[in-house]
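Welcome! Here is a short tour for someone meeting this structure for the first time. Have a look at the sequence and the model, then read on.

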Amino acid sequence: MHVRMLCLGRHWNGRTYRYEPARADFDGLPAPPLPPSFADLAREAASACGMCLEADLCILNYYDAEGRMGLHQDKDESPASIEAGLPVVSVSIGDTARFLFGGLKRRDPIDAMALESGDVFVFGGPARLRYHGVSRIVAGTAPAELEMSGRFNLTFRRY
Ligand SMILES: O=C(O)CCC(=O)C(=O)O
């Protein structure tokens, strides 16, 4: 994983792979709250896909031109959340990413797709535990009006 990360609502500890209220692996401070407008956005996106999500946390990743994230499953949320198939809502801002979406097993075939600025990708239900990752960032593709380089990705989840 080559990203910079900020968690809102609940902190995901990259050493223990567990959620916690305060950032034990960083500065010990509580995770900043999830703004209600962010939760609204996640609810609307999930609803547009016929799913329900009352997000209580967001993992915000920043990818520079070298940023990437290996294939993984999002499986550190509560068993109840995962068993219910509550979706992950992923919002992309800035440079385009080459996003990989595989199956429920690491060796399953993988689809690669471009996630551009403004794209929202939702996976829930039977797709909730599908492997996914980011193999590269296409530098210089962020919309000019954003005046930014790199990519922000926000994933909304329910613990
Ligand atoms: O950046 C992305 O599009 C994927 C992020 C992701 O897989 C994660 O935060 O678990």
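Cysteine 58 forms no disulfide because the closest cysteine sulfur, in cysteine 7, is 8.3 Å from the sulfur of cysteine 58, too far for a bond. For a disulfide, the two sulfur atoms would have to be within 2.5 Å. This is a predicted model, and in it cysteine 58 counts as buried because its relative accessibility is 0%.

What about cysteine 49? The sulfur of cysteine 49 has its closest cysteine sulfur in cysteine 52, at 11 Å, which is again too far for a bond. With 43% relative accessibility, cysteine 49 counts as partly exposed. The count of disulfides comes to zero.

**The ligand and its surroundings**

Now let us turn to the ligand. Which residues surround the ligand? They are Asn61, Tyr63, Met69, His72, Asp74, Phe99, His132, Val134, Arg151, Asn153, Thr155 and Arg157. For three side chains, the table gives the distance from an oxygen atom of the ligand to a side-chain N or O atom.

| Residue | Distance from a ligand oxygen to a side-chain N or O atom |
|---|---|
| Asparagine 61 | 3.1 Å |
| Aspartate 74 | 3.1 Å |
| Asparagine 153 | 3.3 Å |

**The largest pocket**

What volume does the largest pocket have? The value is about 490 Å³. The lining of the largest pocket is made up of 29 residues, and those nearest its centre are Met69, His72, Gln73, Asp74 and His132. Met69, His72, Asp74 and His132 are also among the residues around the ligand.

Several strands take part in this lining. At least two residues each come from β4 (57–63), β5 (69–72), β6 (88–94), β10 (132–138) and β11 (151–157). The largest share belongs to β11, with four residues. Sorted by class, the lining of the largest pocket holds 13 nonpolar, nine polar and seven charged residues.

**The second largest pocket**

The second largest pocket has a volume of about 220 Å³. Its lining consists of Met1, Val3, Arg4, Met5, Leu6, Cys7, His11, Trp12, Gly14, Arg23, Asp25 and Phe26. Cys7 in this list belongs to the cysteine whose sulfur is the closest to that of cysteine 58.

Which strand gives the most to the lining of the second largest pocket? That is β1, with four residues. Both β1 (4–8) and β2 (11–13) supply at least two residues of this lining. By class, the second largest pocket is lined by seven nonpolar, two polar and three charged residues.

**Two loop residues with positive phi**

Finally, two residues in loops are worth finding in the model. Tyrosine 17 is not a glycine, yet its phi is positive, near 60 degrees. You will find tyrosine 17 in the loop between β2 and β3 (18–20).

Glutamate 147 is likewise not a glycine and has a positive phi of about 50 degrees. Glutamate 147 sits in the loop between β10 and β11. Is glutamate 147 buried or exposed? Glutamate 147 counts as exposed because its relative accessibility is 75%, and the cut-off for exposed is over 50%.

Definitions and conventions: Residues are numbered from 1 along each chain as its sequence is written. This is a predicted model: local features need pLDDT of at least 70, side-chain atom pairs count only at pLDDT 80 or more; totals for chains, interfaces and linings use all residues. Side-chain values use heavy atoms; hydrogens and water are left out. On a 1 Å grid over the protein atoms alone, a cavity is a set of points where a 1.4 Å probe fits but cannot get out, and a pocket is an open set with protein on both sides within 12 Å along at least five of seven lines; lining residues have an atom within 4 Å of a point. Grid points are joined across faces, edges and corners, and a volume is the space filled by probe spheres set on the points. Ala, Val, Leu, Ile, Met, Phe, Trp, Tyr, Cys and Pro count as nonpolar, Asp, Glu, Lys and Arg as charged, and the others, Gly among them, as polar. Buried means under 20% relative accessible area, exposed over 50%, partly exposed in between (1.4 Å probe, protein chains only). A residue is near a molecule or strand if one of its heavy atoms lies within 4 Å of it. A polar contact is a pair of N or O atoms within 3.5 Å; within protein, one must be able to donate a hydrogen and the other to accept it, and residues adjacent in sequence count only if both atoms are side-chain atoms.
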